[in-house]
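Student: Could you take me through one part of this model closely, namely the place where the two chains meet, and tell me how far the prediction can be read there?

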Amino acid sequence: MSQFLQAAAYGLVQGGLLALVAVGFSLVWGVMNVINLSHGALAVTGAYLAWYLNTHLGIDPFLAIPIVAACMFVLGYLIQRGLINLVINAPIFLTLLLTFGLGLVILNTLQLVFTADDRSIETSYASQSFAILTVNIPYGRLGACALAVALTVLLALVMTRTRLGRAIGATGMDRGAARLMGIRARHIYAVTFGISAALAGIAGTMIATVGSFNPTSTPSQLTLDAFVISVLGGLGNTYGALAGGVVLGVAESIGGLVLTGTWVNAIAMAVLIVTLVIRPSGLIGKAQYSGRVEV
Amino acid sequence: MSNPTSAAPAAGALGVIMQRRARSRREILGEWIRSRTAANSWPALAGVAALLAMIGLQQLIEPGTQRLLTAVFLFVALAQAWNIIGGYTGYASFGHVAFFGIGAYTVAVLMNNYHVSFWAAMPIAVVIGVALAVGIGVPLMRLRGHYFAIATLGAAEGAREVINNLTPLTGGGGGITIPTFGDQAPTAYFGKPGFYIAFLVVAAASVAVAALLARSRLGFAMVALHQDEDAAAAVGINTTLVKVIAFGVSAAIVACVGAFYAFQQIEFYPTDVFDTNFTVLMVIMVVIGGSGTVLGPLVGAVGLELLAQYLRVNLGIYNQLVFGGIIVIVVVFFPQGVVTFFRDAWLTRQFSILDNVRRYRL
């Protein structure tokens, strides 16, 4: 029983971390109908940035977050303004290809600069843990999870309460009408991608703090997780990614306990496909977005 | 959905799509011969000439170049197959590697565990590939756009995990080996020259299938439902059937290529034949060449595979970086594909690349 509780607790905090990766991915997908295959690469870029700040300047990863977020926002803004906006009206596989190519460029640049070695940010507290009854919870993962929840709530508030957030939402619903209302769609798209990149960078920083990362296998795994979580949670609802992340995290850690080998991955994919077929709008997604997929 | 004036009930499902009028074979043949002109037969003649030239070329080149061209043929076949579902029908499958892997593993398991000849195992691999395509195609083809892409991606990942965990049958993560030596071998190994011819024939066959399909009623039905699925259904096309057939034909070619690939590799692991990069390369080659054309995937596959090999040999560690950069640049400058761009430019006499960039810009 305590094993199950431990697995559930681990899955819960891991799910929060995964949700942080997915929330930006889901935002870009929902607003621009772009699947950003370079999302994992952007997260790892953030991780390297935080790692560099930590090892060379001695900045704590949690304090490095604003710097990482600002840098990643600028990078994301420029990528959208300079590249993705150029093919935004083309058939869907073009944006997939463009972001795939972009991911290759980013990751190989990182690999040339930092080599392909596994890296992690060492802190005195991240691997320390405290116990509730028999369940151990590491501080690092708990902090990452709390940050993920806080940022998701913040993003939801920005999206519903501010002028910028409403402009993003309006552009996502109907770009033509939004432009007629005087919204600069090019700028709004770039800001959206910038926010997504910043969130990816923060997620990367947290991944580097609680575990390790490298430029070869980490990015594709992160992009795939973001995919699954976005679909599970549904688009167009900021909290969807959080729900999807927690479901995936808990399912994977409990599944890992019950099933042998890597059957848990096969089950995860089966769940994904069944969810898509039965409820394409996700667990708590809105119908208006699922209606937009016919491009 | 059947048209009462033309469809013969006995012709079955395909007949409904093709809506073929009842005519005698001699009538059809005579009409076909009379309709041949230089303008409509040159692509077929050029194709046959290219095939013969490649067979002749084999005598002139060294084994290293032979292996390079074998890889090119493999990608030509894969790109043509993806184009049928992704280009003509407009359903971007991101799980095509599943059929490749299933084809490869069917052959390997049959040859290794049951000592079946390659020539018996290969058709079985194709049948299993098609069965899988129909099995996952019927539910998943209801999804559109990105959702279809992700569902197929998930299906491929799932297929890999199943193969990975069926250790008693497939050897699991430890890989599988096809016996090729002495009395152990169910079929003698083809060697480099043999595989050159084998992949050349598969590539030529896939080009021919794509070309014939593109000019058939089924091909027009595919293009129609790509442009507007509801309108296509309204004019009497059984859209589900057309989609599943397109998916099945595409999967059959990919499974066949996978079967030959398995025999060529002899030893491989689930991560090799279920590598997502195969799917991504198929998509890149088709889209950069020009999706929805016969020439596009051919140009894309030959161009990109030769480029990738050149970069690998000459740029060392920078090759992936440059390859990614080239993909980005080509996507931005030729969003509709190189072949489509030059065809349209030739027809309209509009050669400005800047105007072309403006086409899909926000």
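Tutor: What follows looks at the contact between the chains, beginning with the model and with chain A as a whole.

This is a predicted model, in which local features need pLDDT of at least 70 and side-chain atom pairs count only at pLDDT 80 or more, while totals for chains, interfaces and linings use all residues. Residues are numbered from 1 along each chain as its sequence is written, and chains are lettered from A and ligands numbered from 1 in the order in which they are written.

The mean pLDDT (the predictor's confidence in each residue, from 0 to 100) is 86 for chain A, and 94% of the residues of chain A reach 70 or more. Chain A has twelve helices and two strands, where helices (H or I, at least four residues) and strands (E, at least two) are DSSP runs numbered from the N terminus. Among these elements, helix 3 (residues 61-82) of chain A has the highest mean pLDDT, 95, and helix 12 (residues 287-290) of chain A the lowest, 43. Over residues 287-295 of chain A the pLDDT is below 50. Where pLDDT is low, the predicted coordinates should not be read in detail.

Turning to the interface, the contact (C-beta atoms, placed from the backbone, within 7 Å) takes 41 residues from chain A and 38 residues from chain B. On the side of chain A, two or more residues come from each of helix 4, helix 8 (185-210), helix 9 (218-233) and helix 11 (263-278), and helix 4 of chain A gives the largest share, 13 residues. That side divides into 31 nonpolar, eight polar and two charged residues, if Ala, Val, Leu, Ile, Met, Phe, Trp, Tyr, Cys and Pro count as nonpolar, Asp, Glu, Lys and Arg as charged, and the others, Gly among them, as polar.

Within this contact, the axes (lines fitted to C-alpha atoms, for helices over the stretch in contact, with angles from 0 to 180 degrees between N-to-C directions) of helix 4 (residues 92-114) of chain A and helix 16 (residues 319-333) of chain B come within 8 Å and cross at roughly 150°. Helix 4 of chain A is therefore roughly antiparallel to helix 16 of chain B, a term for angles over 145 degrees. Residues of helix 4 of chain A, including A:Leu94, A:Phe100, A:Gly101 and A:Val105, meet residues of helix 16 of chain B, including B:Leu321, B:Phe323, B:Gly324 and B:Val328. The residues of this helix pair's contact divide into twelve nonpolar, six polar and no charged.

How values were computed:
Contact = placed C-beta atoms within 7 Å. Parallel < 35°, antiparallel > 145°, perpendicular 65-115°, else oblique.
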